[in-house]
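Please examine the fold displayed below before reading on. The paragraphs after it move from the whole chain to individual residues.

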Amino acid sequence: MDAEQQQVLEYFIEEARENLDTIEKGLMDLVATSQDTERINELFRSAHSVKGGAAMLGLQSIQHVAHRLEDGFKVLRDQPEVASPEAQSLFLQGFDFLCNLLEHLQNNGDLEAEYTRQIIEQSDPAFTELQALLSAASQTTPQAPQVDRWESLLAATPTASTPAAADDAVTGLLQQLLEQFRAEETAEQRQQILQTCQQLRDLSAETAWQYLLDICARAIAKPENSFAQLAAVVVRNLKQASDQWQLGRADQVAVTPALARLAGGATDPYTATVVSIPIEPNEAARALAASFERAQLLVLATQLVQVLREG
């Protein structure tokens, strides 16, 4: 495994552990969690994020187990009444299998075929039993008419395709991007990577998403940035952004300071306008609001917060 692959893998493991921590806390009292819409959505989002990251890296066993957890959380999100101690026990069994896979990956740097086969064989019966339990409970539980808040949230965000199709397209292009970064560094290969970025940009008309891809393209176009430098930073930014976009949070897509540095500063890629900023904070805020679009202001605010944290 080369340096950029290792760094991307470490980022995935770090984020996956954060998501698993969220899931574990929610499962400790599943009945109470299921009555809190935001908490059950957090579990769904966490499983979705692990699934997407694993798919991008080709970690099919982690993708499979995370997907089955996600399916279970979807039922709870739609019908919280089906939560029970029995369901909690089965969810925890499935969760333990996911933890085992991630721990093995972290300790060994890989998931051997025989090990993953055993995990899948052991975990599938628990998930099948869980789905049967949830299905049976849903058939005996009166269902009041309700609006699926999750799907409404996704539908509220204009995209170039349906959420499911866009999710698959982003994952496929991110996998392609990783493979391109692993190739020999040539001017032709850099152009191919830029073409993939353009394909990603074309997936959505959201300003913040397109702005992020423009910044990625600026960083990639700089020959002084090696593929090893670019791979981890660019792919991580795009993975985090695609998670926000697919979850209906396109306005939270932002450029990280590391990517901004590789791009030579996250200035507006369309113009080189210089903005004069007054010293007085309120006047400075008004000047910025008058000079930038909302998506750019969100990027600026995110970077300022990051700088303060690092300082």
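What follows is a description of the overall architecture, then of one helix, two aromatic pairs and two single residues.

The model is predicted. It contains 14 helices and zero strands, so that, read from the N terminus, every element in the order α-α-α-α-α-α-α-α-α-α-α-α-α-α is a helix. Of the 311 residues of the protein, 45% are classed as buried. Among contacts with a separation of 6 or more, 75% join residues 24 or more positions apart. The accessible surface amounts to about 15,500 Å², and carbon and sulfur atoms contribute 51% of that area.

Helix α9 shows how burial can be distributed around a helix axis. This helix comprises 15 residues, 187-201, and at 1.5 Å a residue it should span 21 Å; the C-alpha atoms at its ends are 21 Å apart, in agreement with that expectation. Which residues of α9 are buried? They are Gln 189, Arg 190, Ile 193, Leu 194, Thr 196, Cys 197, Leu 200 and Arg 201. Because these residues cover an arc of only 155 degrees around the axis, they lie on the same side of α9. The face turned away from that buried side carries the exposed residues Ala 187, Glu 188 and Gln 195.

Aromatic contacts offer a second view of the interior. The whole structure holds two aromatic pairs. In one of them, Phe 73 and Phe 91 are stacked, with 5.0 Å from centre to centre and 5 degrees between the planes. Phe 73 belongs to helix α4 (residues 60-78) and Phe 91 to helix α5 (residues 85-108), so the pair ties together parts that are 18 residues apart in sequence. Phe 73 is buried, at 0% relative accessibility, and Phe 91 is likewise buried at 0%. The rings of Phe 181 and Phe 227 have centres 5.9 Å apart and planes at 75 degrees, and this pair is therefore edge-to-face. It links distant parts of the chain, since Phe 181 is in helix α8 (residues 163-182) and Phe 227 in helix α11 (residues 227-246), 46 residues apart. With a relative accessibility of 1%, Phe 181 is buried; Phe 227 is also buried at 1%.

Two single residues complete the account. An unreviewed UniProt entry lists His 48 under "modified residue: Phosphohistidine". His 48 is located in helix α3 (residues 37-57) and is buried, because its relative accessible area is 9%. Ala 301, in helix α14 (residues 294-310), counts as partly exposed at 37% relative accessibility. Its C-alpha atom is separated by 9.3 Å from that of Ala 254, although the two residues are 47 residues apart along the chain.

Technical notes
Residues numbered from 1 in each chain as written. Predicted model: local features only at pLDDT ≥ 70, side-chain atom pairs only at ≥ 80, totals over all residues. Heavy atoms only, no water. Helix = DSSP H or I, 4+ residues; strand = E, 2+ residues; numbered from the N terminus. Buried < 20%, exposed > 50% of the residue type's maximum accessible area, 1.4 Å probe, protein only. Contact = heavy atoms within 4.5 Å. Areas by Shrake-Rupley, 256 points an atom, 1.4 Å probe, with all protein chains shown as cover. Expected span 1.5 Å × (residues − 1). Arc of directions from axis to C-beta. UniProt positions renumbered as here; feature names shortened; annotations may be inferred. Phe/Tyr/Trp six-rings, centres within 6.5 Å; stacked < 30°, edge-to-face > 60°.
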